[in-house]
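This report goes through one chain, starting from a strand pairing and working outward to the sheet, the helices and a few backbone details.

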Amino acid sequence: MTNQGFIITSLILILFVSTPAQSELVIIGNSKTVFSELNTRIISRIYTGKIIEIEGVSVIPINSIQTTALRNKFLEKYLSQDENEYSAYWTVRRFIGKGTPPKELASVTDIINYVGETPGAIGYIDTDSISVPSSVKIINQ
């Protein structure tokens with residue numbers, strides 16, 4: 001490798017190492033969904049089963065599986081809860097017949113595919129993991 005090639009390679013590596021990752025948790029919805037933006041309070045109410053319809057459209061919330069950092073980040077940001085509090089909440093809701101918790105999917109790709117194919121579906125992803133395809137739209141960030 002020439003001196004010039006080494007210097008360019010070194011500069012590129014320094015740029016990537018010194019630049020902090022700009023990952024962001026975003027809420028996505030089906031691209032054809034009538035609602036285009038949801039605030040934190042509405043998202044919280046959707047994921048706790050208190051809102052099941054918006055503007056005449058059934059809302060289908062999708063969770064990441066319980067053991068992911070993405071889910072923990074979502075619960076903290078949008079529901080101000082941890083996994084134990086959220087699980088306990090849904091245990092009680094199921095017991096008294098007030099619904100079932102959101103469906104859980106194992107990967108960000110699964111969430112994007114499901115939301116993209118299902119009208120009314122919403123989910124959350126970390127933009128560091130994957131880019132947002134045209135089948136979904138960001139409805140909160």
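In strand β1, Val 26 stands opposite Ile 125 in β6. The model is predicted, so local features need pLDDT of at least 70, side-chain atom pairs count only at pLDDT 80 or more, and totals for chains, interfaces and linings use all residues. Residues are numbered from 1 along each chain as its sequence is written, and side-chain values use heavy atoms, with hydrogens and water left out.

**Sheet**

Helices (H or I, at least four residues) and strands (E, at least two) are DSSP runs, numbered from the N terminus. Two strands count as paired if DSSP finds at least two bridges between them. Strand β1 covers residues 25–30 and strand β6 residues 121–126; they pair in the antiparallel sense over five bridges. Within this pairing, Ile 27 stands opposite Tyr 124 in β6. Strand β1 also pairs with β7, again in the antiparallel sense, over four bridges. There Ile 27 has Asn 140 of β7 opposite.

These pairings belong to an open sheet of five strands, in the order β5-β4-β6-β1-β7, with mixed pairing. Its edge strands, each pairing on one side only, are β5 (103–105) and β7 (136–140). From one strand to the next the twist averages 40°. Axes here are lines fitted to C-alpha atoms, for helices over the stretch in contact, and angles run from 0 to 180 degrees between N-to-C directions.

Burial is judged by relative accessible area: under 20% is buried, over 50% exposed, and in between partly exposed (1.4 Å probe, protein chains only). Six of the six residues of β1 are buried, so the strand is mostly covered.

**Helices across the sheet**

Contact means heavy atoms within 4.5 Å. Helix α3 (residues 69–79) lies across β1, β4 (60–64), β5, β6 and β7, and runs at about 90° to β1. Helix α5 (residues 108–117) lies across β1, β4, β5, β6 and β7 as well, running at about 150° to β6.

Asp 110 is found in helix α5 and is partly exposed, with a relative accessible area of 35%. Its C-alpha atom is separated by 9.3 Å from that of Ser 64, 46 residues apart along the chain.

The buried residues of α3 are Leu 70, Arg 71, Phe 74, Leu 75, Tyr 78 and Leu 79. Around the axis they cover an arc of only 135°, which puts them on the same side of α3; the arc is that of the directions from the helix axis to the C-beta atoms. Ala 69 and Glu 76, on the other side of α3, are exposed.

**Helix α2 and its packing**

In helix α2 (residues 40–47) the buried residues are Ile 43, Ser 44, Ile 46 and Tyr 47. Seen down the axis of α2, they fall within an arc of 160°, so they line one face of the helix. At the N-terminal end, Asn 39 caps α2, with a side-chain oxygen 3.1 Å from the backbone nitrogen of Arg 41. After α2 comes Gly 49, whose phi is positive, near 75°.

Two packed helices are described by the angle between their axes and the distance between the axes. For α2 and α3, the angle is about 120° and the axes are 9 Å apart. The two helices are therefore oblique to each other; angles under 35 degrees count as roughly parallel, over 145 as roughly antiparallel, 65 to 115 as roughly perpendicular and the rest as oblique. Thr 40, Ile 43, Ser 44 and Tyr 47 in α2 meet Phe 74, Lys 77, Tyr 78 and Leu 79 in α3.

**Positive phi**

Most residues other than glycine have a negative phi. The table lists two residues with a positive value.

| Residue | Phi | Location | Relative accessible area |
|---|---|---|---|
| Glu 55 | about 50° | loop between β2 (53–54) and β3 (57–58) | 63%, exposed |
| Ser 80 | near 50° | loop between α3 and α4 (83–95) | 62%, exposed |

**Whole chain**

The chain has five helices and seven strands. From the N terminus on, its elements run α-β-α-β-β-β-α-α-β-α-β-β. Of the 141 residues in the chain, 35% are buried. Among the contacts with a separation of 6 or more, 70% are accounted for by residues 24 or more positions apart.

Methods:
Polar contact = N/O pair within 3.5 Å; in protein donor to acceptor, adjacent residues only side chain to side chain.
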